[in-house]
Amino acid sequence: MEDSHTISLPWGQEPIQLTLPARWRVRGILEPRALPPVSDLAEEVWRALAAPVGSPRLDELAQRDMRIAVVMDDSSRPTPMPLILPLVLAELERAGVSHSQITLVPAIGLHRAMDAEEINRRAGVDGLQYENPNCDDLQTMKNLGITRRGTPIWVNRIVAEADLVISIGCIEPHIIASFGGGYKNLVPGVAGRLTVAHNHSLNCTPQTFNMVGQPIDQNPMRLDLEEAASKVKGKVFIVNVILNYAQELVAVVAGDPVLAHRAGVQCSASLYGVPVTAPADLVITASHPMDSDLRQGVKALANTVRAVKPGGMIITLVKAEEGVGVFGLANRKLPVGKGMLRRLAPLLVRFVPRLKLNGIGEEDRFFLYFALQAMCRARMIMYAPTIPAVTQENLPFVDFVSSPQEAMLAAQERFPGAADVLVFPHGGITYPQMGVR
């Protein structure tokens, strides 16, 4: 095709090449900032622990007679936990803390419990006592009141009553919470289903359904979870990492769960927020580096949906090496077909926050709300070859195609003339900063 544009998108060992018509204008190939990894991970962790933000050092906070809860994110997150947790334990040992004082609590939220082998592999250490939080068992939780936004606060009792809580996680752009990390390991990480349900519902509005990378002071759900998590008895100390798009560690922040988190957010935003002056007719995005499964891969769509014009189109390429993953919405067939859903979406989206849907969890309720909002905005096409046909039928919000070329043909039919195009090769982690030059 004479004077055509060829773009390359990450896809395992062999990138996918797409050819765009010459009449289309590629306004930007929007890459995250290429920040090299630290030369010595352990040294970077020690540096953060030695100079915590807004908090005394961990070896000053910890005492010999304390009950200590260490909350770690689960394996769906890219945090290099086996390299970090042993260093945190070494800092506690220096303060005279024994392993018998420590309980490891995985931040599984509403997901299934982790078994002993999974926990030990994730932690990188053996022999620590642990407890899986159970979001549906209020006997294992403690009620800490209610937030100003009306969220009932139920938190795992081990964490709620600990004298010191150490939270280890990752700060990355997040569709609903603006960014991960900070207090988020506690709420929703070890919170009750009632807490998660009300907290998530706060962002089921047209103004807040997509908050990825948005200012935290404008995010009601994030502010609410921080208020809820701050009610635990003990001091909370975070150790949060920031990774580049190759999943290499570039920085560690430690200390106060709000002040240290905000410092890490600045770093994460500088890596993954890309300026976009105006939305485009067509957005092409790939799931990298969130290539593990469909639940992670759809972040490429969620992160970039603000970059498409109303009535436009998004093409998303999802690697999903392990298939669907933990994605409840993909396992349930909706009672209406794609055509009817498309017509009803503007009406249904108003009622989703209040609908009683058997088998739909609280995270999936938010995903449903998001999907309907996105469906109202643009046509969504997805290439995800590892996803079974039955699962594709359960997700009528998007049009699945059998090849990238089929996606391009659909786009050319939609835009036979000129079209503005934005490309996000690492859409799983990159988001548009709209209106920024």
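This is a dialogue about reading the sheet, a buried strand, a helix residue and the salt bridges of a predicted model.

Visitor: Where should I start with the strands, and what is the order in the open sheet?

Guide: Strands of a sheet pair through backbone hydrogen bonds, either parallel or antiparallel. Here six strands form an open sheet in the order β6-β5-β4-β9-β12-β13, and the pairing is mixed. The edge strands, β6 (129-130) and β13 (249-255), each pair on one side only.

Visitor: How many bridges join β9 to β4, and how many join β9 to β12?

Guide: Between β4 and β9, which run parallel, there are five bridges. One of the positions to look at is I68, whose bridge partner in β9 is L164. With β12, β9 pairs over seven bridges, again in the parallel sense. On that side, I166 stands opposite F237, and the bridge partner of I168 is V239.

Visitor: Are the residues of β9 buried or exposed?

Guide: Seven of the seven residues in β9 are buried. Look at the two faces in turn: L164, I166, I168 and C170 are on one side, V165, S167 and G169 are on the other, and all are buried.

Visitor: Which helices lie across these strands?

Guide: Helix α3 (residues 81-94) lies across β4, β5 (102-107), β9 and β12, and runs at about 155° to β9. Helix α1 (residues 41-50) lies across β12 and β13, at about 25° to β13.

Visitor: What can be read from a single helix residue such as T195?

Guide: Begin with its place, then its exposure, then its contacts. T195 belongs to helix α6 (residues 193-201). It counts as buried because its relative accessibility is 0%, and the cut-off for buried is under 20%. The side chain of T195 reaches the backbone nitrogen of W154 at 2.8 Å. Apart from neighbours within four places in sequence, T195 touches T151, P152, I153, W154 and V187.

Visitor: How many salt bridges does a search of the whole structure find?

Guide: Side chains of opposite charge can pair when their charged atoms come close. In this model the search finds 20 salt bridges.

Visitor: Which parts of the chain does the pair of R122 and D73 link?

Guide: The side chains of R122 and D73 meet in a salt bridge, with 2.6 Å from N to O. R122 is in helix α4 (residues 116-123) and D73 is in strand β4 (residues 68-73), so the pair links distant parts of the chain, 49 residues apart. R122 counts as buried at 9% relative accessibility, and D73 is buried too, with a relative accessible area of 5%.

Visitor: Where do D163 and K233 lie?

Guide: These two side chains form a salt bridge at 3.1 Å, N to O. D163 lies in the loop between α5 (157-161) and β9 (164-170), and K233 in the loop between α7 (220-229) and β12 (235-243), so the pair ties together parts that are 70 residues apart in sequence. D163 counts as partly exposed at 22% relative accessibility, whereas K233, at 54%, counts as exposed.

Visitor: Which residues do salt bridges that share partners join into one network?

Guide: The network holds R57, D59, E91 and R94. Within it, R57 forms a salt bridge with D59, and their closest N and O atoms are 3.1 Å apart. R57 counts as partly exposed at 22% relative accessibility, and D59 counts as partly exposed at 21%.

How values were computed. Residues are numbered from 1 along each chain as its sequence is written. This is a predicted model: local features need pLDDT of at least 70, side-chain atom pairs count only at pLDDT 80 or more; totals for chains, interfaces and linings use all residues. Side-chain values use heavy atoms; hydrogens and water are left out. A salt bridge is a side-chain nitrogen of Lys or Arg within 4 Å of a carboxyl oxygen of Asp or Glu. Buried means under 20% relative accessible area, exposed over 50%, partly exposed in between (1.4 Å probe, protein chains only). Helices (H or I, at least four residues) and strands (E, at least two) are DSSP runs, numbered from the N terminus. Two strands pair if DSSP finds at least two bridges between them. A polar contact is a pair of N or O atoms within 3.5 Å; within protein, one must be able to donate a hydrogen and the other to accept it, and residues adjacent in sequence count only if both atoms are side-chain atoms. Contact means heavy atoms within 4.5 Å. Axes are lines fitted to C-alpha atoms, for helices over the stretch in contact, and angles run from 0 to 180 degrees between N-to-C directions.
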